[in-house]
Amino acid sequence: MNHSASWGLHWFRRDLRFAGNTALLANLERHQGRVLGIFFFDSNFLSRPDFSKRRFAFFLETLKALRQELMELGGDLLVLDALPKQGFDQLLEHLKSAGKSLPTSCSFNRDYEPFARNRDKDIYHFLKEKGLLVHTARDHLLIEPRELSRPDGGYYQIFTPFSKRWFDSPLLTSRIAEEKPGLKYLIQNKRSEKPFQLTWRQVFQGGLLLTDQLDIFIEKTAQASKDLPKAGSQAAFKCLEHFSKHLSQYAQGRDYPARKLTSDLSIYLKNGSLTTAQIFSYLGQDSFSYPFLRQLVWREFYYHILWHKPEVETGAFLDKYKHLRWENNNEFFAAWKTGQTGFPIIDAGMRQLISTGGMPNRDRKS
């Protein structure tokens, strides 16, 4: 490794892919390919009461697929068991004490949830204090909350006017067009080109590397990883490709969960293996695709609501629903969880959730 050559970090979060990864691609251009991936995962998460082993196992498989992809492209990914600030500090101090070259920049794509916004603001200033150039970009959403508002300057609280303004936004066309190179990469699935020009071993040059935790986490969730869907951006694109063949049946078919005409893309959107912009770019906008694309705009709408009114994460959006009284009947709750309520559509959805880890949109709304 040329010690005079600058290099950068890309902090992966919910953007677990290479194709069309906005902040990552900008950083690669800045450093002529000398960029390394890093991901932080605090093992304390495993003891949370809402922890799902299957969901976590799929997330780990997505990270594994990402690391494999980056390595095939000439890059690398380091997964550390630490909170972001602790992990960055650990990495920088380890490099410094070993006399190795330090990164000069760090990129990451923006997040919009309350916890993430506070975390990212903290990390941004922390890295700046460490002397790094910090670059963030839009990626997870097609149009960010700050980019769309009502004519009076407020934010939309009703979906229909929001969606009309969203579809009319001049940003839509340009951002869908920006996804063409990423889609070409996914369609061709060629990894012979090497956009990355650096690995973690090259950075440490025979020195002691920090221990990568990914395989350790995977071993802990081995039982939960059985019968999981395929993970990673290529699997996500294959899922989109398969769904597109049945798109004309979606508008009516989605109302009948047993027909399996929904997309199954939510798990990939969640981890950023695929984005809303890529789906729009691939499907195009016509009478067949519109009913499905409109569902994706609902997703963006809720992110916009959460951005402007973060208290909805733990409470009601409308004041009149803040003080609803609930029975809190444990017997009824147990029947609902196990799919034993006696309401067929509800029970079918809950039993599917138990056996597969997911359920169609129509069941969730029942």
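A salt bridge is taken here as a side-chain nitrogen of Lys or Arg lying within 4 Å of a carboxyl oxygen of Asp or Glu. By this criterion the structure, which is a predicted model, holds 17 salt bridges. Three of these pairs, one network and one pocket are considered below.

The pair R14 and D111 may be taken as a starting point. Their side chains meet in a salt bridge with an N to O distance of 3.4 Å. This contact links distant parts of the chain, for the two residues are 97 residues apart. R14 belongs to the loop between β1 (8–11) and α1 (22–30), whereas D111 belongs to the loop between β4 (105–109) and α4 (114–129). Buried status requires a relative accessible area under 20%. R14 is therefore classed as buried, because its relative accessible area is 15%, and D111 is likewise buried, because its value is 9%.

The bridge between R14 and D111 is also part of a wider arrangement. R13, R14, D111, E113, R119 and D120 are linked in a network of salt bridges.

A second pair is formed by D89 and K130, whose closest N and O atoms are 3.0 Å apart. Here too the contact links distant parts of the chain, with the partners 41 residues apart. D89 sits in helix α3 (residues 84–97), and K130 in the loop between α4 and β5 (133–137). The partly exposed class covers values between the buried limit of 20% and the exposed limit of 50%. D89 falls into this class because its relative accessible area is 30%, and K130 does so because its relative accessible area is 36%.

A third pair joins R146 to E144 through a salt bridge of 2.8 Å, N to O. The two partners fall into opposite accessibility classes. R146 counts as exposed because its relative accessibility is 56%, whereas E144 counts as buried because its relative accessibility is 2%.

Attention may now turn to the second largest pocket. Its volume is about 430 Å³. The pocket is lined by 17 residues, of which F18, L25, P181, G182 and Y185 are the closest to its centre. Helices α1 and α7 (180–188) each supply at least two residues of this lining. The largest share, 4 residues, comes from α7. By class, the lining of the second largest pocket comprises 7 nonpolar, 5 polar and 5 charged residues.

Methods
Residues numbered from 1 in each chain as written. Predicted model: local features only at pLDDT ≥ 70, side-chain atom pairs only at ≥ 80, totals over all residues. Heavy atoms only, no water. Buried < 20%, exposed > 50% of the residue type's maximum accessible area, 1.4 Å probe, protein only. 1 Å grid on protein atoms, 1.4 Å probe; cavity = no way out; pocket = protein on both sides within 12 Å on 5 of 7 lines; lining within 4 Å. Points joined across faces, edges and corners; volume = space filled by probe spheres on them. Nonpolar A, V, L, I, M, F, W, Y, C, P; charged D, E, K, R; others polar.
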